[in-house]
Amino acid sequence: MLISPLADRNQKELCSVLCDVLEEQSHRELFALELGSGIGQHVVNFAMATQLSDIKEESRDSVRSYIAVTKVKTVLQPVHLDASEPWEKWAGLPRGACDVIVAINLLQCSSFDTVEGVVKGSGQILRQNGLLITHGPYAINGTITPSCMEDLDQELRQMNPGWGLPDIDILRQLAFGNGMRMERMIEREQDNKYLVYQDV
Ligand SMILES: C[S@@+](CC[C@H](N)C(=O)[O-])C[C@H]1O[C@@H](n2cnc3c(N)ncnc32)[C@H](O)[C@@H]1O
């Protein structure tokens with residue numbers, strides 16, 4: 001079972017934001033999908049903090065170990081899911097299957113195909129009024145602040161020319177074109193933001 005110090009550091013805040021965003025729906029069981037789960041720390045903590053049921057996520061032995069060690073009952077075994085693929089290939093999930101889709105620190109480490117795929121696929125897999133929540137650093141209308149985030153953007157592009165901070169305005173347009181509305185931006189720390197999109 002792997003441990004990520006960064007994921008560990010983000011954990012409390014991520015769970016608190018997710019609980020706030022989903023508070024109004026806390027009376028019912030929700031079906032959530034985490035995209036790009038990495039080693040699986042987030043998914044088990046989300047499940048324990050929010051009682052979300054049936055969370056699926058990316059395939060990794062580490063995710064399986066987290067499920068086994070924490071004995072969390074509401075997380076399904078990981079599945080392979082490439083978000084750049086058409087939604088019909090998203091692990092066999094039917095249209096309208098999910099109440100919530102979560103993507104933590106995924107978009108900046110992805111090609112534009114994946115960024116577009118996350119929004120397009122979510123527009124199909126979410127039920128009406130369902131929520132997509134993305135977390136990470138973003139550009140706003142072509143501008144990146146503070147300067148350390150510009151450095152991060154450059155570093156990512158050096159690692160892979162297709163990566164880099166996604167622009168919130170482009171995400172808003174993508175959402176609009178795929179039956180969703182970007183309805184909230186939550187800032188808990190200077191460098192990273194949570195974007196909440198609703199399927200309308
Ligand atoms: C920076 S890691 C973040 C991992 C985890 N969400 C976290 O916050 O610790 C980015 C993750 O995105 C995943 N990823 C990249 N492109 C993807 C795609 N097309 N579909 C699904 N996951 C993808 C990678 O495999 C990796 O697990």
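The legends below describe close-up views of a predicted model.

**View 1. Overall fold of the protein.**
The protein has 6 helices and 6 strands. Read from the N terminus, these elements follow the order α-β-α-β-α-β-α-β-α-α-β-β. The radius of gyration is 16 Å, close to the 16 Å that the globule rule gives for 200 residues, so the protein is as compact as a globular protein of that length. The C-alpha trace spans about 40 × 35 × 30 Å along its principal axes. Of the 200 residues, 39% are buried. Among contacts between residues at least 6 apart in sequence, 63% join residues at least 24 apart.

**View 2. Strands S3 and S4 and the helix that connects them.**
Strand S3 covers residues 98-104 and strand S4 covers residues 126-136; the two pair in the parallel sense over 6 bridges. Within this pairing, Ile 104 stands opposite His 135 of S4. Between the two strands the chain passes through helix H4, residues 112-125, and the resulting β-α-β crossover is right-handed.

**View 3. Strand S6 between its two pairing partners.**
S4 and strand S6, residues 193-199, pair in the antiparallel sense over 6 bridges. Two bridge partners can be located here: Ile 133 is matched with Val 196 in S6, and Leu 131 with Gln 198 in S6. S6 also pairs with strand S5, residues 180-187, in the antiparallel sense, over 7 bridges. In that second pairing, Met 180 has Asp 199 of S6 as its bridge partner. S4 thus pairs with S3 in the parallel sense and with S6 in the antiparallel sense.

**View 4. The largest nonpolar core, with Ile 101.**
This core contains 41 residues, and the members that touch the most other members are Leu 35, Cys 98, Ile 101 and Ala 103. Strand S3 supplies the largest share of the core, 6 residues. Neighbours within four places in sequence are left aside in the list of contacts for Ile 101. Ile 101 is then in contact with Leu 33, Leu 35, Ser 122, Ile 125, Leu 126 and Leu 132. Leu 35, one of these contacts, is itself among the core members with the most touches.

**View 5. The two sides of helix H3.**
Helix H3 runs over residues 61-70, and its buried residues are Val 63, Tyr 66 and Ile 67. These three lie on the same side of H3 because they cover an arc of only 95° around the axis. Asp 61, Ala 68 and Val 69, on the other side of H3, are exposed. The residue that follows H3 is Lys 71, and its phi is positive, near 55°.

**View 6. Gln 25 in the loop between H1 and S1.**
Gln 25 sits in the loop that joins helix H1, residues 5-22, to strand S1, residues 31-35. Is Gln 25 buried, exposed or partly exposed? With 16 other C-beta atoms within 10 Å, Gln 25 is partly exposed, since a residue needs 20 or more to be buried and 12 or fewer to be exposed. Gln 25 and Cys 98 are 73 residues apart along the chain, and their C-alpha atoms are separated by 14 Å. Cys 98 also appears in View 4, as one of the core residues that touch the most other members.

Terms used. Residues numbered from 1 in each chain as written. Predicted model: local features only at pLDDT ≥ 70, side-chain atom pairs only at ≥ 80, totals over all residues. Pairing = 2+ DSSP bridges. Helix = DSSP H or I, 4+ residues; strand = E, 2+ residues; numbered from the N terminus. Right-handed = clockwise from strand over helix to strand, strands pointing away. Arc of directions from axis to C-beta. Rg over C-alpha atoms; globule rule 2.2 N^0.38 Å. Contact = placed C-beta atoms within 7 Å. Core = buried A, V, L, I, M, F, W, Y, C linked by C-beta atoms within 7 Å.
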